[in-house]
Amino acid sequence: MTEILQEKSVCLQDKETSVNFIQQLPKVELHLHIEGTLEPEMMFALAERNGVTLPYNSEEEVRAAYQFSNLQSFLDIYYQGANVLLHEQDFYDLTWAYLERCHQDNVIHTEIFFDPQTHTERGVPFEVVINGIVRALDDAKDKFGISSGIIMCFLRHLDEASAFETLDQALPFKHHIVGVGLDSSELGHPPEKFRRVFEKARQEGFIAVAHAGEEGPVSNIYDSLELLKVSRIDHGVRCVDDEELVTSLAQSRMPLTVCPLSNIKLKVFDKMAQHNIVDLLRKGLCVTINSDDPAYFGGYMTDNFLAVDHCHHLSREELAQFTLNAIEASFISEEQKQQLVDRLDAYMAG
Ligand code: HPA
Ligand code: ZN
């Protein structure tokens, strides 16, 4: 073998080892919209099962429509896709398919978002949605040993009254829901709009999180922290526009649930090589890797880790740090956190 060929084959072996390492690495997901796991195949199957007409002729046509120019262009298509979800079994099937992917990707704990208003606005009762999701999460605990939490998000393009109504609908299901979040169109809908709803939600015992600093300005990160009193920022990558904020996020270990492939698809960054997640990790921020809406953005957890590693060349310890950060940022007991850390340690030692 010539030297160059030898070098190439060593390189390929290295690549294969790192793909295996990432694939098998225990992972924790903290930013995942269950409606964003609706794959075109399931969209068509549910449309047929429920007699819903789709504005597409084929799965290929659906995939071809997934060319987004910004957050809003994605949201329009994402809400349209959710129209096929009508019955409890639909929400079960959707959630179960995601959990099978978690099992493949060695996701050991996941905290998932759902958007009640996307469904209640179409006449689907709150309990139909939550019961389907909870049943799948319970089955995944039994069958795969995956633990989980549920966070319900308010749609920020709707008004405060609708958010209050949603909070009321959630109260009988409080034992199933760990927190409240804020998603949908960030521009034009600042955290201030939901200050009173979040105050009530926190009084009711919900932990708070909010999407902020994805497309919107740094002020949305400050206001989510100060007005909504969030325990994590979803996305938050625009924090780099304010050096003081970066320093304070590092000092407070306030978690940012970052979604690398999502950020590229929605043009928050032009290229993965320009993404700031590794820079933030090395500055000591509690950043985590997540898939956001994997059916729309081209990948689940392993794909997101691989994409970051491919462009930023991380050490194994750095890759594992993303999981450690996510364990630290998760909404589970200290005892449960320690169990997850032990699983990660066993993997790293093995
Ligand atoms: N941002 C805001 N709202 C969303 C997103 C997102 O990335 N995904 C689903 N709803
Ligand atoms: Zn999101």
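This is a short tour of a predicted model, with stops at a zinc site, a pocket and two loop lysines.

**Stop 1: the zinc ion**

Start by selecting the zinc ion (ligand 2) and showing the side chains around it. Which protein atoms are its donors? You should find NE2 of H31, NE2 of H33, NE2 of H211 and an OD atom of D292, at 2.1 to 2.3 Å from the zinc ion.

Now look at where those donors come from along the chain: their spacing reads H-x1-H-x177-H-x80-D. To see how far the site reaches, color H31 and H211. They tie together distant parts of the chain, with their positions 180 residues apart in numbering: H31 sits in the loop between β1 (27–29) and α2 (40–50), while H211 belongs to strand β5 (residues 207–212).

If you turn on a surface, are H31 and H211 buried or exposed? H31 is buried because its relative accessibility is 0%, and H211 also counts as buried, at 5%.

Next, check the angles at the zinc ion. Why is the arrangement called irregular? The four donor atoms subtend angles of 82 to 173°, whereas a tetrahedral label would need all angles between 85 and 135 degrees. For reference, the ideal angle for four tetrahedral donors is 109.5 degrees.

**Stop 2: the largest pocket**

Move on by selecting L137, D138, S148, G149 and I150. Of the 15 residues lining the largest pocket, these are the closest to its centre. The pocket has a volume of about 260 Å³.

Then show α7 (126–144) and β3 (147–155) as cartoons; these are the elements that give two or more residues each to the lining. Color the lining by class and you get six nonpolar, seven polar and two charged residues.

**Stop 3: two lysines with positive phi**

Most residues other than glycine have a negative phi. Select K229 for an exception: its phi is near 50°. Where is K229? Look in the loop between α10 (218–226) and β6 (232–235). K229 is partly exposed, since its relative accessibility is 47%.

Finish at K267, whose phi is also positive, about 65°. You'll find K267 in the loop between α12 (260–265) and α13 (277–282). Is K267 buried or exposed? With a relative accessible area of 53%, K267 counts as exposed, because the cut-off for that label is over 50%.

Note on methods:
Residues numbered from 1 in each chain as written. Chains lettered and ligands numbered in written order. Predicted model: local features only at pLDDT ≥ 70, side-chain atom pairs only at ≥ 80, totals over all residues. Heavy atoms only, no water. Donors = N, O, S within 2.8 Å, 3.2 Å for Na, K, Ca; no water. Tetrahedral: all angles 85-135°; square planar, octahedral: opposite > 155°, others 65-115°. Helix = DSSP H or I, 4+ residues; strand = E, 2+ residues; numbered from the N terminus. Buried < 20%, exposed > 50% of the residue type's maximum accessible area, 1.4 Å probe, protein only. 1 Å grid on protein atoms, 1.4 Å probe; cavity = no way out; pocket = protein on both sides within 12 Å on 5 of 7 lines; lining within 4 Å. Points joined across faces, edges and corners; volume = space filled by probe spheres on them. Nonpolar A, V, L, I, M, F, W, Y, C, P; charged D, E, K, R; others polar.
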